[in-house]
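Good morning, colleagues. I would ask you to look at the structure now on the screen, and I will then take you through a few of its features.

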Amino acid sequence: MTNAAAQRAPSYTKQDEALQSLMHYVARKSPYYRSLFEQKGITPSAIQRVEDLEQLPFTTKTDLQLHNEAFYCIPKNQIIDYCCTSGTLGKPVNFILTDKDLNRLAYNEQQSFAIAGLTHKDTIQICTTIDKRFMAGLAYFLGARKLGAGIIRVGSASPEMQWNTILELRPTALITVPSFILKLIDYAEAQGIDYQNSSIKKAICIGESIRAHDFSPNVLARRITEKWNLQLHSTYASTEMGAAFTECGEGRGGHQQEDLIITELVDKNGQAVPPGTPGELVVTTLGIEGMPLLRFKTGDICTAFTSPCSCGNSSLRLGPVIGRKNQMLKFKGTTVFVPAIYNALNKLPKISAYQVEARTSSAGTDDIIIYLSMQKGNTQSEADVAAFLKANIRVRPKVVFQTSEEMQKRLFPKGNRKPKKFLDGR
Ligand SMILES: [Zn+2]
């Protein structure tokens with residue numbers, strides 16, 4: 001064999017091999033991908049390596065919404081759990097899981113907890129929804145069980161119920177939306193609970209970012225840790241990915257689990273961006289039986305880091321989600337991501353709730369209106385808040401004060417299980 005031939009001889013990575021089996025699996029089992037491959041003349045064996053993925057078209061949220069059942073790779077009698085997406089951005093999509101998929105989900109979350117330093121000695125209080133067909137809560141339960149940790153399924157209950165449980169059962173970690181920790185602190189202070197010396201040492205934070213782009217703690221994280229010395233770990237996942245990116249103790253991005261997922265970051269033309277440049281996250285799921293996805297465009301904009309992490313885990317890491325592709329607003333020539341507006345609003349000392357609305361102006365550009373309610377004792381006017389935003393995010397949106405009741409109606413319109421913090425009327 002010549003040197004050149006030796007170099008060409010296949011030496012596939014584990015990801016390449018998993019991708020090869022995935023290609024053959026979906027070609028056989030997925031009505032959606034089978035017909036797509038036929039239409040586009042794609043043969044499964046043409047995709048041998050992760051680098052070959054760029055030959056395949058993307059799968060979008062709209063594809064899932066329009067052809068949901070065509071993505072199912074198994075007959076109904078093999079389905080065990082019926083999850084669905086939250087539907088925050090349109091029609092919810094069903095995600096079906098087989099017995100093997102549930103084992104994979106458990107493994108995923110066990111690994112994710114281990115990355116965050118949790119062990120079988122921990123007792124984890126789950127403060128997020130674990131029913132209502134959410135995949136996340138189920139994953140936390142299964143992962144903690146596989147880890148051998150104690151599990152307290154309080155779910156999304158009041159701070160009072162969370163504290164009663166913490167004081168009685170002494171869990172060591174919380175899984176929670178980080179802004180809820182502020183509510184726990186408020187309640188503890190009002191009730192004279194010595195929260196700083198409670199059994200809780202760690203929080204796994206979901207749904208909201210806790211870091212700025214340089215990985216330093218953002219306003220939300222600082223507001224928590226200034227009062228309560230908790231170790232915060234961000235975890236990022238979605239139903240479509242079926243895999244979590246969780247921070248180790250270094251807090252420099254969520255570690256990818258290479259046996260479960262392939263990630264790509266692409267620009268608005270679908271081309272790969274260089275490492276360290278923000279792009280839209282595209283995922284290919286590995287080892288899924290019920291509803292695997294190829295090159296799914298998540299709509300989340302983030303940055304990938306490939307330099308080795310000081311924790312010793314050399315996997316790719318994802319920085320905080322900068323925003324969603326459809327949360328990018330063009331306001332009088334300035335680009336602003338909706339989460340940047342949230343970050344600024346979170347700095348207001350007396351704010352209690354807010355909603356950001358985007359509309360198309362008569363000039364065809366984006367208009368931004370911020371609705372917010374303030375706590376008792378607020379001395380700021382709408383104009384003060386607008387000036388504050390201008391100083392923080394370089395744009396001055398319209399600000400409209402609302403009563404708490406009006407805000408509740410805005411945030412939880414009929415049937416919504418998550419607060420609708422962003423109303424996109426464009
Ligand atoms: Zn690390």
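Let me begin with a definition: donors are N, O and S atoms within 2.8 Å of the metal. The model before you is predicted. Which residues coordinate the zinc ion? They are Cys248 through SG, His255 through NE2, and Cys309 and Cys311, each through SG, at 2.1 to 2.3 Å. The angles that these 4 donor atoms subtend run from 101 to 115 degrees, which makes the arrangement tetrahedral.

Along the chain, the donors are spaced as C-x6-H-x53-C-x1-C. Histidine 255 belongs to strand 9, residues 254-255, while cysteine 311 sits in the loop between strand 13 (304-305) and strand 14 (317-318), so the pair ties together parts that are 56 residues apart in sequence. As for accessibility, histidine 255 is buried, at a relative accessible area of 0%, whereas cysteine 311 is partly exposed, at 38%.

I turn next to helix 2. This helix comprises 16 residues, 14-29, and should span 22 Å at 1.5 Å a residue; its end C-alpha atoms are indeed 22 Å apart. Its buried residues include Leu19, Leu22, Met23 and Val26. The buried residues of helix 2 pack against helix 3 (31-40), strand 10 (261-266) and strand 11 (279-285).

Those two strands bring us to the sheet. It is an open sheet of 4 strands in the order 10-11-12-15, with antiparallel pairing. Strand 10 and strand 15 (323-324) are the edge strands, each pairing on one side only. Between strand 10 and strand 11 there are 6 bridges, in the antiparallel sense; threonine 263 has valine 283, in strand 11, as its bridge partner.

Note on methods. Residues numbered from 1 in each chain as written. Predicted model: local features only at pLDDT ≥ 70, side-chain atom pairs only at ≥ 80, totals over all residues. Heavy atoms only, no water. Donors = N, O, S within 2.8 Å, 3.2 Å for Na, K, Ca; no water. Tetrahedral: all angles 85-135°; square planar, octahedral: opposite > 155°, others 65-115°. Buried < 20%, exposed > 50% of the residue type's maximum accessible area, 1.4 Å probe, protein only. Expected span 1.5 Å × (residues − 1). Contact = heavy atoms within 4.5 Å. Pairing = 2+ DSSP bridges.
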